[in-house]
Amino acid sequence: MGLFSRKECVLCGGKAGLLTRYSLSGGEFICGDCRNRMSSNVDSIGSLTLEGVKVQIRLKEENNARYRSEFVTSRRIDVDSSHPIMAVDDTHGWFALLTDKDPDIFSFDQITSCNVDLKTSALSEEERKNDSGLMYILSFLQSDDFCSRYPKMPRCPMGCKVTGMRFEISFGPNPFNAKKVSLDMLPSWTLNKTEIEKAYMCANDLCQCISEYKSGSRVQAKVQAQAAPTAADATDQIKKLKELLDMGALTQEEFDAKKRSLLAL
Ligand SMILES: [Zn+2]
């Protein structure tokens, strides 16, 4: 068996080419297509067993179904309409990363930390002299006004330009076995001041949203919302009580008292 010997995918039996295959902990291979049936956020595929891969494929399918049927978007965090980042479901305390075709649903409880990774490079002599737009961005990113509005954002160093901005989320235990997800906030680097400002505001929104969940202020609102029964809930319960009354399991007095409390009379 040489280095270039033909390998087969243990899942689909298809060709697992040298450059596209992934090896598993038991020494088997899966092909690129089968890898893509798992979430792109699955880390360290080499440590998975064949059974672990099957679990991940099932999880991805269940996740897709859950996203379509149960996920209620309360708000979206986008750099702009062509660059969606995250959808938040306040009712369940979930979020979905929209940077993938099939969004993964995570719970805010699974996040351990987040930060903004700002990539910069030194300005050339030419840029220093000529680009007034660039100079605007730099003074904007270094200004006290900007830094007080976005306290969690890194300050751009003097004499540098922004070449990349990534929002990194670190995870504790989660079903996808994700350790860190890095979201690209500025995929096509540009000197456009508006785009950099939008990406910064979006990253700030993400920080804000995550810290609200971590501090419990959003979860609190959710619990309070659940504690207040809706009119529909009360009607349902009264119907059930009426059945119990008709069956003789409740007395008329018990029924009246329960009904009064459900209608908050
Ligand atoms: Zn395969």
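This short talk goes through one helix, the open sheet and the nonpolar cores of the structure above.

Please keep in mind that this is a predicted model, in which local features need pLDDT of at least 70 and side-chain atom pairs count only at pLDDT 80 or more, while totals for chains, interfaces and linings use all residues. Residues are numbered from 1 along each chain as its sequence is written.

Let me begin with the sheet, where helices (H or I, at least four residues) and strands (E, at least two) are DSSP runs numbered from the N terminus, and where two strands pair if DSSP finds at least two bridges between them. Four strands form an open sheet in the order 3-4-5-6, with antiparallel pairing, and its edges are strand 3 and strand 6, each of which pairs on one side only. Strand 3, residues 75-80, and strand 4, residues 83-89, are joined over 5 bridges, and they form a hairpin with 2 residues between them. Within this pair, Arg75 has Val88 as its bridge partner, and Asp80 stands opposite His83. Strand 4 then pairs with strand 5, residues 94-97, over 4 bridges, with Ala87 opposite Ala96. That second hairpin has 4 residues between its strands, and Gly93 in the turn has a positive phi of about 75 degrees.

Turning to helix 2, residues 50-69, we find 20 residues that reach 29 Å from the first C-alpha to the last, close to the 28 Å expected at 1.5 Å a residue, the expected span being 1.5 Å times one less than the number of residues. Which of its residues are buried? They are Val53, Gln56, Lys60 and Asn63, where buried means that 20 or more other C-beta atoms, placed from the backbone, lie within 10 Å of a residue's own, exposed means 12 or fewer, and partly exposed is in between. Seen down the axis, these buried residues fall within an arc of 75 degrees, so they line one face of the helix; the arc is that of the directions from the helix axis to the C-beta atoms. On the other side, the exposed residues include Glu51, Arg58 and Ser69.

Finally, the cores: a nonpolar core is a set of buried Ala, Val, Leu, Ile, Met, Phe, Trp, Tyr and Cys residues joined through C-beta atoms within 7 Å. The largest has 33 residues, and Met86 and Leu206 are among those with the most contacts inside it. Helix 6, residues 193-215, gives the most to this core, with 8 residues. A second, separate core of 10 residues includes Cys9, Ala16, Cys31 and Val53.
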